[in-house]
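The following exercises concern a single protein chain. Please work through each task before reading its solution.

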Amino acid sequence: MKNRAFGIRKYERKKYEKRKYGKRTSWREKRRRKRLIAVTAMAAGIAIAVPMAFGTVQKISVSAGKQGGQETEASRALSVREEDELFKKMAEKISWEQYRKDLAAYLESHKVTFHTVEESYFDNTLFIGDSRTLGLSQFARLGKADYFSDAGMTVFSLFKAKVSDRNFSLTDLRTLLSSHRYERIYLMLGINEIGYPMEGIKKQYKKVLEEIQSLQPDAEIILEANMNVARKKEKANKNFAVENINTLNQIIASFADQKHIYYIDINESDEFVDEQGYLKDEVSTDGVHPNVSYYQSWAQWLCENAI
């Protein structure tokens, strides 16, 4: 009887809320409506700017269907299937071949040159990153560099985390950046965010960059591409597909102007990845983190690819 009474009260409450607030809209319905608005705009011939690789913008427009010189109702409201196909095209994953081609063209157009340096070059450098950067700090430290890194770190948790290193006690990033002036800051984040909506990652990454720049206006910022993963990691979790990492890395690269913010990519090294862009089996036991000798190879690569 008690359960029945509770059910009646719940039913009455829903009826009351519906009368007072109207029918509530689910998040799926809200997302569908936003997408429909965008697609309908494109169906009407309005060009929509879509972010593409390395800071460029491509405009996609779809001509409206007409019948006897007049737009039909069907042309203004695309079917759900047409809508999904269009959005898939707009968010098309980037192949390894296309990524390398775009990166080469980007570096050429910006006349980016790298040079080899001694480890002392990194004496006044800060490395920021997740567990991969943490491994670099443990197995292949460069000069007297500082490392603000931790397992599981993301662009969403970066300014909430507290970390210690050889040269500083437990602290948060804002305090560290406010108390020391670095010549350059290396940033590698994003692999733990795989699975989040790319647009959300992009917005947060931009906020992180703006915050770092405001605290370190004179420092060069070097954005590091996220190292790819091995085939077995992709097989275990499709979110880690090479195409997804390529897309993420191109979003990161789009923030680099190659004047104050630079972009480098360890995946360009044939020592680390194969022809399809996968991390080689001998590089990593778990398919994500380099083995000790390859952390040392990574450090050597950084010395050979200094800005």
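**Exercise 1.** Which polar atom partner does the backbone nitrogen of N226 have in the side chain of N249, and at what distance in Å does it lie?

*Solution.* The model is predicted: local features require pLDDT of at least 70, side-chain atom pairs count only at pLDDT 80 or more, and totals for chains, interfaces and linings use all residues. Residues are numbered from 1 along each chain as its sequence is written, and side-chain values use heavy atoms, with hydrogens and water left out.

Step 1. A polar atom of the N249 side chain lies 2.8 Å from the backbone nitrogen of N226.

Step 2. Beyond its neighbours within four places in sequence, N249 is in contact (heavy atoms within 4.5 Å) with Y99, A225, N226, N228, Y263 and N267.

Step 3. N249 has a relative accessible area of 0% and is therefore buried; buried means under 20% relative accessible area, exposed over 50%, and partly exposed in between, with a 1.4 Å probe and protein chains only.

**Exercise 2.** Locate N249 in its helix, and compare the span of that helix with expectation.

*Solution.* Step 1. N249 belongs to helix α10, residues 242–253. Helices (H or I, at least four residues) and strands (E, at least two) are DSSP runs, numbered from the N terminus.

Step 2. The expected span is 1.5 Å times one less than the number of residues. For the twelve residues of α10 this gives 16 Å, in agreement with the 16 Å between its end C-alpha atoms.

Step 3. Eleven of the twelve residues of α10 are buried, among them V242, I245 and L248.

**Exercise 3.** Which parts of the chain does the salt bridge between D165 and R141 tie together?

*Solution.* Step 1. A salt bridge is a side-chain nitrogen of Lys or Arg within 4 Å of a carboxyl oxygen of Asp or Glu; the structure holds four.

Step 2. In the pair D165 and R141, the N to O distance is 2.9 Å. D165 lies in strand β7 (residues 162–165) and R141 in the loop between α6 (131–139) and β6 (146–149), so the pair ties together parts 24 residues apart in sequence.

Step 3. D165 is buried at 16% relative accessible area, and R141 is buried at 16% as well.

**Exercise 4.** Is R231 buried or partly exposed?

*Solution.* Step 1. R231 meets D274 in a salt bridge of 2.6 Å, N to O. R231 is in helix α9 (residues 231–236) and D274 in the loop between β11 (261–264) and α11, 43 residues apart.

Step 2. R231 has a relative accessible area of 40% and is thus partly exposed, whereas D274, at 17%, is buried.

Key:
A polar contact is a pair of N or O atoms within 3.5 Å; within protein, one must be able to donate a hydrogen and the other to accept it, and residues adjacent in sequence count only if both atoms are side-chain atoms.
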